[in-house]
Amino acid sequence: MAATGLKDATAIVGIGQTPFARQLAEDEKTLACRAVLAALDDAGIAPGEVDALASYTMEETDEVELAKAVGFGDLTFFSKVGYGGGGSCATVAHLAAAIASGQATVGVAWRSRKRGSGPRPWTNTAVQLPTPAQWTRPFGLLRPADEIAMLARRYMHEYGATRDHLFNVALACRNRANQNPAAVMYERPLTREMYMTSRWISEPLCLFDNCLETDGALACVLVSRERARDCARRPVYVHSAAQGLPAQHHGMVNYWNDDPLTGPSWTAARHLWKHADFTPEDVDVAQIYDAFSVLIPLSLEGYGFCGRGEGGAFTEGGALEIGGRLPLNTSGGGLSEAYVHGFNLVNEGVKQLRGTSTAQVPGAATCLVTAGEGVPTSALLLRS
């Protein structure tokens, strides 16, 4: 997806979201409509101008229903991306490609989900054993938490990462959520004692290593670079975009890779940086997918912020806090703001580069946004 022709050719000009909560009364379609309309209003663009859509294969609100309810015009491009949280950045990338190639002019990406009040995906016994799952679920790896816990244990064994390193991740996300009135964990501090004494979800991952279960929806609006100059908000440019599916991949557990700790982020990162005018050292702020705390050190390595096995140590000394080496997940992320398959990370990246975040990094001009590590993934480099 990161072809040279995409570099700064499009911009995100509108973002919108609903409230986040463990349980919201409205259904997913209504939440989707509210988020999309908020994003269009933010951009100053009428619904009838929208001609492109992108979302997730797991999205329950389809294009036809959304288009009718919101009042879109004729659609000339629409796509859906698979693999849950791995698709968040790819929805933006698909729209950027469509607009840059002349297939569309105004694109909307969105995700609406009732993960807090709705069912947990792994409880659907009718789909418990697709072929890959036959190598995991009969042996007790029933949930994503169980599969990622295996990677976490391997990472700790191989490189000496500790629970304190994972706590550093959880704490940084919670500290930022404590500054964000929209976050589920606003004004709910986290201490080391709380973390270390919390219950196991799947050892070595405790309660605070796992993302929230949230109802909510988010959306963003993309247009061409030229159109962006006339929109209501300061444009945030899509500088580079990439997807990554490594050879012989097996979701979450990476059984067949030469090294299970080099996940899809490594593949996406190579493509992302290949077409960028800056490097990891030039990134001012990052929004890194955090369904589980251990994905942060794995992603720090995959995207080139540190060497192999150094992701745990990277978190030390307040490195992930405002003023640290790499401030991250400044809205609270999936661990402490809301878990909506990573789309809140996209919108927070936009807020940082507009200068409107509740935990603003001074002078932020470049932002990395990543989708889920452990599954076929995607990533964006945004710039102001």
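**Exercise 1. How many bridges join strand β8 to β11, and in which sense do the two strands run?**

First, some ground rules: this is a predicted model, where local features need pLDDT of at least 70, side-chain atom pairs count only at pLDDT 80 or more, and totals for chains, interfaces and linings use all residues. Residues are numbered from 1 along each chain as its sequence is written, and side-chain values use heavy atoms, with hydrogens and water left out.

*Step 1.* Locate the strands, which are DSSP runs of E with at least two residues, numbered from the N terminus (helices are runs of H or I with at least four). Strand β8 covers residues 236-244, and β11 covers residues 377-383.

*Step 2.* Strands pair if DSSP finds at least two bridges between them. Seven bridges join β8 to β11, and the strands run antiparallel. Glycine 244, for instance, has threonine 377 of β11 as its bridge partner.

**Exercise 2. Find the antiparallel pairing of β10 with β11, then judge how enclosed β11 is.**

*Step 1.* Strand β10 (residues 366-370) pairs with β11 over five bridges, in the antiparallel sense. Here threonine 370 stands opposite alanine 379.

*Step 2.* Six residues lie between the strands of this hairpin, and glycine 374 takes a positive phi near 100°.

*Step 3.* Buried means under 20% relative accessible area, exposed over 50%, and partly exposed in between (1.4 Å probe, protein chains only). Six of the seven residues of β11 are buried, so the strand is largely enclosed by the rest of the structure.
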